[in-house]
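This report goes through the metal sites and the ligand pocket of one protein model. The sequence and structure come first.

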Amino acid sequence: MGTDLAVPPIYSPFAEAIHPLYRDIDQQTALWAEKFRIGSDELRGRLVRHDIGGFSARILPEGREEVVSLLSDFVLWLFGVDDGHCEEGELGRKPGELSGYLSRLLRVAQNPETPMLPDDPLADGLRDLRRRVDHYGTAGQAARWVDALREYFFSVVWEASHRTAGTVPDLDDYTLMRLYDGATSVVLPLLEMGYGYELQPHERDNTRVRAAAELASFIITWDNDIFSYHKEAGGKDEFWLNALRVLERERGVSSEAALDLAISQRDRATNLFLLLCERLRADASPQLKQYLDSLGSFIRGAQDWGITSVRYTTPHDPARFPDAFRQTPVDPSVRPLGIAAVDWWFELV
Ligand code: 3E9
Ligand code: MG
Ligand code: MG
Ligand code: MG
Ligand code: MG
Ligand code: MG
């Protein structure tokens, strides 16, 4: 059974929006998962009920339908890796073998024609995803996508080493790992492809733009840790990583107090994100403005999906969730988080 921790309404200044074809997209993703036989039959049966199509339709509410569909299939594929191999599978406790398998998958993403991993459903699904990334994106965006997959894979190997040793990282390490192991950075190239533009490298790699993207990852994964706490604390596995659990251990506090701390941290990150975006918009290209809007849609989409998907509400053992969001932060400050890896964000404004 999950915990009884009650999650209060959290602060979201972003508008709710969803692509009108969300139902079709969700159904197509179920067919795609079946065609490629992603995950075990049991895992796939669960994943296709999680409204991943609705999640993707919220991330790209006015995006090109084919790219929303590509994103939806890709997110399901990511859960095939994250649930299927890392959190619920044997490789999650064998970091060396996991890194070998993920390196082979990465080669398939990079060179889909490579005759590696024959008859591996995740590899076959990845070949299909790569073909569509090539079709809807540029060569540069495809390369960014492969690079982002590498950083996600690298972080889940780190996670697997903690799982193997049964150790919970400190807040500094957890925050750094979480920027990547929530698979948020792999979605970023699809934000561009969804609206058919390509950011110039000097825009995308600008320190403040990168900070805005990292802040979005932080907010999305901290919110996920808040909304998935019930599922994760109640799961079969004794080992699970979550910001609340890290805070409970590091500060020696109750889960209620850890929730308050996590909310203060994600509020401060949200305040800073808004401030940074406002300053960036002052002299941004239309493409950069769209990108910043998409980061907001990604944050809001993850929030709406987080409080509604049965993945997190777990109707057989209901999580105590809010049914709406707050218009004002509980913590209105932009005080640095005191987390070594990310405090530089707060020096940018
Ligand atoms: C998220 O962390 C794991 C990713 C692989 C999920 C795929 C989702 C995205 C790419 C979009 C980002 C969305 C998030 C972080 C929800 P975790 O804690 O293992 O996810 P879980 O659903 O199990 O709580
Ligand atoms: Mg579904
Ligand atoms: Mg995970
Ligand atoms: Mg998980
Ligand atoms: Mg192309
Ligand atoms: Mg989670």
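## Ligand 1 and its polar contacts

A polar contact is a pair of N or O atoms within 3.5 Å. In this predicted model, the side chain of Glu87 has an N or O atom 2.7 Å from an oxygen atom of ligand 1. For Asn224, a polar side-chain atom lies 2.9 Å from an oxygen atom of ligand 1, and for Ser228 the corresponding distance to an oxygen atom of ligand 1 is 3.2 Å. Ligand 1 taken alone exposes 550 Å², and the protein buries 98% of that.

There are 19 residues around ligand 1, and those that come nearest are Glu87, Lys231, Glu232, Arg311 and Tyr312. By type, the shell divides into eight nonpolar, four polar and seven charged residues. At least two shell residues come from each of helix H4 (65-87), helix H8 (171-181), H11 and helix H15 (310-313). The most are given by H4, with five residues.

## The magnesium ion (ligand 6)

Which protein atoms are the donors of the magnesium ion (ligand 6)? They are Asn224 (OD1), Ser228 (OG) and Glu232 (OE), at 2.0 to 2.3 Å from the ion. The spacing of these donor residues in sequence is N-x3-S-x3-E. Asn224 and Ser228 are both in helix H11 (residues 207-233), where they sit four residues apart, about one turn of the helix.

Ser228 has 0% relative accessibility and therefore counts as buried, the cut-off being under 20%. Asn224 and Ser228 thus appear twice in this account: as donors to the magnesium ion (ligand 6), and through polar side-chain atoms placed 2.9 Å and 3.2 Å from an oxygen atom of ligand 1. A distance of 4.6 Å separates the magnesium ion (ligand 6) from the magnesium ion (ligand 4).

## Thr221 in H11

Helix H11 also holds Thr221. Thr221 is buried because its relative accessibility is 2%. Leaving aside residues up to four places away in sequence, Thr221 touches Arg178, Gly182 and Thr184. The C-alpha atom of Thr221 is 8.9 Å from that of Asp181, and the two residues are 40 residues apart along the chain.

## The magnesium ion (ligand 2) and helix H3

For the magnesium ion (ligand 2), the protein donors are Asp26 (OD) and Val48 (O), at 2.1 to 2.4 Å. Asp26 belongs to helix H1 (residues 22-36) and Val48 to the loop between helix H2 (41-47) and helix H3 (52-59), so the pair ties together parts that are 22 residues apart in sequence. Asp26 is buried because its relative accessible area is 19%, whereas Val48, at 27%, is partly exposed.

How many of the residues of H3 are buried? Eight of its eight residues are, and the helix is mostly covered. The buried residues include Ile52, Phe55, Arg58 and Ile59. Among the elements that cover the buried residues of H3 are H1, H2, H4, helix H9 (188-194) and helix H14 (286-308).

## The magnesium ion (ligand 5)

Asp134 (O) and Gly137 (O) coordinate the magnesium ion (ligand 5), at 2.4 to 2.5 Å. Are these residues buried or partly exposed? Asp134 is partly exposed, with a relative accessible area of 37%. Gly137 is buried, with a relative accessible area of 17%.

Note on methods. Residues numbered from 1 in each chain as written. Chains lettered and ligands numbered in written order. Predicted model: local features only at pLDDT ≥ 70, side-chain atom pairs only at ≥ 80, totals over all residues. Heavy atoms only, no water. Donors = N, O, S within 2.8 Å, 3.2 Å for Na, K, Ca; no water. Buried < 20%, exposed > 50% of the residue type's maximum accessible area, 1.4 Å probe, protein only. Near = heavy atom within 4 Å. Polar contact = N/O pair within 3.5 Å; in protein donor to acceptor, adjacent residues only side chain to side chain. Areas by Shrake-Rupley, 256 points an atom, 1.4 Å probe, with all protein chains shown as cover. Nonpolar A, V, L, I, M, F, W, Y, C, P; charged D, E, K, R; others polar. Contact = heavy atoms within 4.5 Å.
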